[in-house]
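Here is a short report on the spaces, packing and backbone of one protein model. Please look over the sequence and structure before reading on.

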Amino acid sequence: MSNRIVMRTGEALAAGGPPGTAAEPEVVIGELDGPVGTALATLTGDQVAGHTRVFALLNTDIMVRPVTLCVSKVTVKNSRYTNILMGTVQFAIANGVLDAVRAGFIPKEKANDLGIICSVWLAPSVIDAENLDHKILFDLHRKGTTEAIRKAMTNEPSIDWLLENQDKIMHKYHQMGLDGKI
């Protein structure tokens, strides 16, 4: 059996803070010489206005390993939003990746061979927060990133769990629609 990580996917929700601080990252992880590496290179070279893709950095010249590309799920149109996304959230994602390596979810010996694409949710309402708590925002995005990576690397939820629980789960926004709240 090969120990190659061709492609793994995961997502997580980290919430509980003030409005606008929840994290809902989705990750794709795989070998740089495979489809994930090709996608990472393509996304990096094919920038789109409002959806700039940047590497996860600890600071302006310290990129994390595995190389991680942050891609916004929201069209960025505001400089405050950009500064929060490319500051606190980018830093949180970088730390979440390193936390995942430290915890063993990503094998340390594969840190130079893997790439991660992290699709980032940052609520557009964050620009209206008068006293945005950057510590809470950072903590939730760091935790969400680590959890999404953990779930990707452990193939969670399993197909058995999904089949067993399918009829017990209700999507929050679907329920709101059924209740006439949307």
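## The second largest pocket

In this predicted model, the second largest pocket is lined by Glu11, Lys151, Glu156, Pro157, Trp161, Leu162 and Ile169. The pocket holds about 180 Å³ of space. Four of its lining residues are nonpolar and three are charged. No polar residue takes part.

Two of these lining residues, Glu156 and Pro157, are also joined by a cis peptide bond. Omega there is about -5 degrees. Pro157 sits in the loop between helix 3 and helix 4 (159–165).

## The loop after helix 3

Asn155 belongs to the loop between helix 3 and helix 4. Its phi is near 55 degrees, a positive value in a residue other than glycine. Most residues other than glycine have a negative phi, and most peptide bonds are trans. Is Asn155 buried or exposed? Neither label fits: Asn155 counts as partly exposed because its relative accessibility is 49%, and the range for that class runs between 20% and 50%.

A cis bond is also found from Arg65 to Pro66, with omega near -5 degrees. Pro66 lies in the loop between strand 5 (62–63) and strand 6.

## The largest pocket

The largest pocket contains about 460 Å³ of space. Its lining consists of 13 residues. Leu13, Ala22, Glu24, Lys172 and Tyr173 are the ones that lie nearest the centre.

How does the lining of the largest pocket divide? Seven residues are nonpolar, two are polar and four are charged.

## The nonpolar cores

The largest nonpolar core has 32 residues. Val27, Ile29, Ile93, Ile106, Leu122 and Ile149 touch the most other members. Which elements give two or more residues to this core? They are strand 2 (26–31), helix 2 (79–102), strand 7 (114–120) and helix 3 (134–153). Helix 2 gives the most, with nine residues.

Another core lies apart from this one. That core has five residues, among them Leu40, Val67, Val71 and Ile117.

## Contacts of Ile106

Ile106 is one of the core residues that touch the most other members. Leaving aside residues up to four places away in sequence, Ile106 touches Pro66, Ala100, Val101, Leu114, Ile116, Ile149 and Met153. One of these partners, Pro66, follows Arg65 across a cis peptide bond.

## Two buried residues of helix 3

Met153 is in helix 3. Why is Met153 classed as buried? Its relative accessible area is 13%, and buried means under 20%. Beyond residues up to four places away in sequence, Met153 touches Ile5, Arg8, Ile29, Phe105, Ile106 and Pro107. Arg8 and Met153 are 145 residues apart in sequence. In space, their C-alpha atoms are 6.4 Å apart.

Thr145 is also found in helix 3. Thr145 counts as buried because its relative accessible area is 2%, and the cut-off is under 20%. A polar atom of the Thr145 side chain lies 2.8 Å from the backbone oxygen of His141. Thr145 also touches Pro25, Ile93, Gly96 and Val97, with residues up to four places away in sequence not counted. Among these, Ile93 is one of the residues that touch the most other members of the largest nonpolar core.

## The cavity

How many cavities of 30 Å³ or more are there? The count comes to one. The largest cavity has a volume of about 50 Å³.

Its lining is made up of Thr52, Val54, Cys70, Val71, Ser72, Leu85, Met86, Val89, Gln90, Ile93 and Val120. Eight of these residues are nonpolar and three are polar. None is charged. Strand 6 (67–72) and helix 2 each supply at least two residues of the lining. Helix 2 gives the most, with five residues.

Some lining residues appear elsewhere in this report. Ile93 lines the cavity and touches Thr145. Val71 lines the cavity and belongs to the core of five residues. Helix 2, which gives the most to the cavity lining, also gives the most to the largest nonpolar core.

Notes:
Residues numbered from 1 in each chain as written. Predicted model: local features only at pLDDT ≥ 70, side-chain atom pairs only at ≥ 80, totals over all residues. Heavy atoms only, no water. 1 Å grid on protein atoms, 1.4 Å probe; cavity = no way out; pocket = protein on both sides within 12 Å on 5 of 7 lines; lining within 4 Å. Points joined across faces, edges and corners; volume = space filled by probe spheres on them. Nonpolar A, V, L, I, M, F, W, Y, C, P; charged D, E, K, R; others polar. Core = buried A, V, L, I, M, F, W, Y, C linked by side-chain atoms within 4.5 Å. Buried < 20%, exposed > 50% of the residue type's maximum accessible area, 1.4 Å probe, protein only. Helix = DSSP H or I, 4+ residues; strand = E, 2+ residues; numbered from the N terminus. Contact = heavy atoms within 4.5 Å. Polar contact = N/O pair within 3.5 Å; in protein donor to acceptor, adjacent residues only side chain to side chain.
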